[in-house]
Amino acid sequence: MSKTIKFKLISVFSFISFLIIWQICTDVLHLLPPYSLPSPIKTFSTFFVKISSTSPDGSVLPIHILASLQVALLGFLSGAVLGTPLGITMAWNKKFDMMVKPVFDLLRTIPPIGWIPIMILLLGIGTQAKVALIFVSSFVPCVINSYTGIKQTSHIHFWVGQTFGATNSQLLRKIAIPTALPFIFTGLRVSLSVAWMSLVAAELLAATRGLGYMIQIARTIGRADIIVLGMLLIGSIGGVLSILLEYVENKFVKGGV
Amino acid sequence: MENTGTVTAKNIMIKCNSIFKTFESKDDENEVIRNFNLEIKENEFVVLFGPGQCGKTTVLNIIAGLEQSTKGEVFVNGRKITEPGPDRGMVYQTTALFPWLTVMGNVEFGPKSLGVKKKERRERAQYYIDLVGLKGFEKHYPIKLSGGMQQRVGIARAYCNNPPVILLDEPFGALDAQTRYLMEEELGRICTKEKRTIVFVTNNIEEAIYLADRIVLLTNCPTTIRKEYIIGLPRPRDYTSNDFLTLRKEITSEMDETI
Ligand SMILES: Nc1ncnc2c1ncn2[C@@H]1O[C@H](COP(=O)(O)OP(=O)(O)OP(=O)(O)O)[C@@H](O)[C@H]1O
Ligand SMILES: [Mg+2]
């Protein structure tokens, strides 16, 4: 108990020191000019202004955040919903695996960013292209991790199931999938962070809204405060998302290892 | 030797009919069982006792249907064994509990697979959890339990499915001596209360004498039956009684000749 409190105190302390050092380097010592790195105070005030201001990029901050979240979550969820069952089926069914794996292995080595040009050609620069990109980038880790997870099932556990007369589908649902669950969640976690990162990359190239777009516009007109604000928001929203996922994982994965 | 007294075909539960087993790999053949014949009566407690690596687990796995014999067949209750099934419960050498299920979840796994209604299987699971002395631990996950407690769960899980045959593969091999004695006493108690046909594998002579109706002494690999001992000592048995110690000496010296 006291250990976790201590740990939290240290985290808070490190965070505050980071802000203080940043403040000293900028506003106090002027090591860096404000047009290249704004102070934390300046960034904070930009944050409050930008909540309700549409300049310079045409949308208020909450709209940017929502736009990014919407694309990221849509892409992530569809990647997870299709990728996880695909990985499970590949690991469970040899024939299916032999059929699908070569194609999957070829496509999975293409980095998410590499998909951007073709997505833009196919689907334009609207939401669809970005969702498709996020889908591709979260799909791959979901497949790989659920596949690996199913393969981890101990043969003794299968034996136990068989001596209890479990059917093939019971072996999958009651033994292999529970074994794979921690791996499946690893896949989801990786997917989520990859999704979030490739989203920003996509928005830098082609968008009309979203945090990446906001940063991009700020860069063209030299608004370092908005750039830094965007970066911090991307970081913290990514953090919040993974905490939420961890919460869900703790609900589902039981018994620890 | 083959025929232990006046066994009628009717109450023979397990029959191993000249079993041979050779494991084959690419460039190697490993003959593990050579002409193994055994008949086990209903509700008999048979201990397969043999040196390490002699093939005890393989014999048990063949009876369980988890492994196929190279030659010969096994009959359980008159039916030829080709695959594992709910008529033969198994307790494994290492803990084979499902870590993602609670004690209750593990114990009720068998009846649940067979579609037994929740209320009935809960009651049954609870009965066996109590029987192995784990009352109050129903909601614990295996990782939180000691080795001895985990094997108790394994035993309860095997019993809960109500199989006529229970196969135990050195279930106490990984436990410390103290816990081991305790578990042997518990299993002895459970077996007098809940009659089943039991095949118990061990390489511990005290354990064998303490639990067995009959000890089947196995030879080294490729293994077969060397000698059988009917253990008539009254239960519960006393590890330190003279009869116990005499038997122990007799079997041990026989065993030493084997090696
Ligand atoms: N699946 C397998 N493939 C190849 N060889 C095997 C296999 N299973 C067992 N063996 C070999 O068969 C022999 C007997 O193994 P087994 O596990 O049956 O012995 P055991 O008496 O149970 O040993 P222990 O005392 O260690 O439990 C060993 O030499 C082992 O290497
Ligand atoms: Mg063994």
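**Exercise 1.** In this predicted model, work out whether A:Lys174 is buried, partly exposed or exposed, then find the surface patch it belongs to.

*Solution.* Start with the relative accessible area of A:Lys174, which is 31%. Buried means under 20% and exposed means over 50%, so A:Lys174 lands in between and counts as partly exposed. Next, place it in the fold: A:Lys174 sits in helix 8 of chain A, residues 168-205. Patch members need over 30% relative accessible area, and A:Lys174 has 31%. Its patch is positive, and A:Arg173, B:Lys112 and B:Lys118 are the other members.

**Exercise 2.** Locate A:Leu31 in chain A and say which kind of surface patch it helps to make.

*Solution.* Look between helix 1 (2-28) and helix 2 (40-52) of chain A: A:Leu31 is in that loop. Its relative accessibility is 58%; the cut-off for exposed is over 50%, so A:Leu31 counts as exposed. Now check its company: A:Leu31 is part of a nonpolar surface patch of about 940 Å², whose members include A:Phe15, A:Phe18, A:Val28 and A:Leu32.

**Exercise 3.** Which residues coordinate the magnesium ion (ligand 2), and which parts of chain B do they tie together?

*Solution.* First, pick out the donors: OG1 of B:Thr57 and OE1 of B:Gln93, at 1.8 to 2.7 Å. Then map them. B:Thr57 belongs to helix 1 (residues 56-64), while B:Gln93 is in the loop between strand 6 (88-91) and helix 2 (103-107), so the pair links parts of chain B that are 36 residues apart in sequence. Finally, check accessibility: B:Thr57, at 26%, counts as partly exposed, and B:Gln93, at 35%, counts as partly exposed too.

Terms used:
Residues are numbered from 1 along each chain as its sequence is written. Chains are lettered from A and ligands numbered from 1 in the order in which they are written. This is a predicted model: local features need pLDDT of at least 70, side-chain atom pairs count only at pLDDT 80 or more; totals for chains, interfaces and linings use all residues. Side-chain values use heavy atoms; hydrogens and water are left out. Patches are made of residues with over 30% relative accessible area and no salt bridge: like charges are joined within 9 Å, nonpolar side chains (Val, Leu, Ile, Met, Phe, Trp, Tyr) within 5 Å. Accessible areas come from the Shrake-Rupley method with a 1.4 Å probe; for residues, only the protein chains shown count as cover. A salt bridge is a side-chain nitrogen of Lys or Arg within 4 Å of a carboxyl oxygen of Asp or Glu. Lys and Arg count as positive and Asp and Glu as negative; His and the chain ends are not counted. The place of a charge is taken as NZ of Lys, CZ of Arg, CG of Asp or CD of Glu. Helices (H or I, at least four residues) and strands (E, at least two) are DSSP runs, numbered from the N terminus. Buried means under 20% relative accessible area, exposed over 50%, partly exposed in between (1.4 Å probe, protein chains only). Donors are N, O and S atoms within 2.8 Å of the metal (3.2 Å for Na, K and Ca); water is not among the atoms, so sites may look incomplete.
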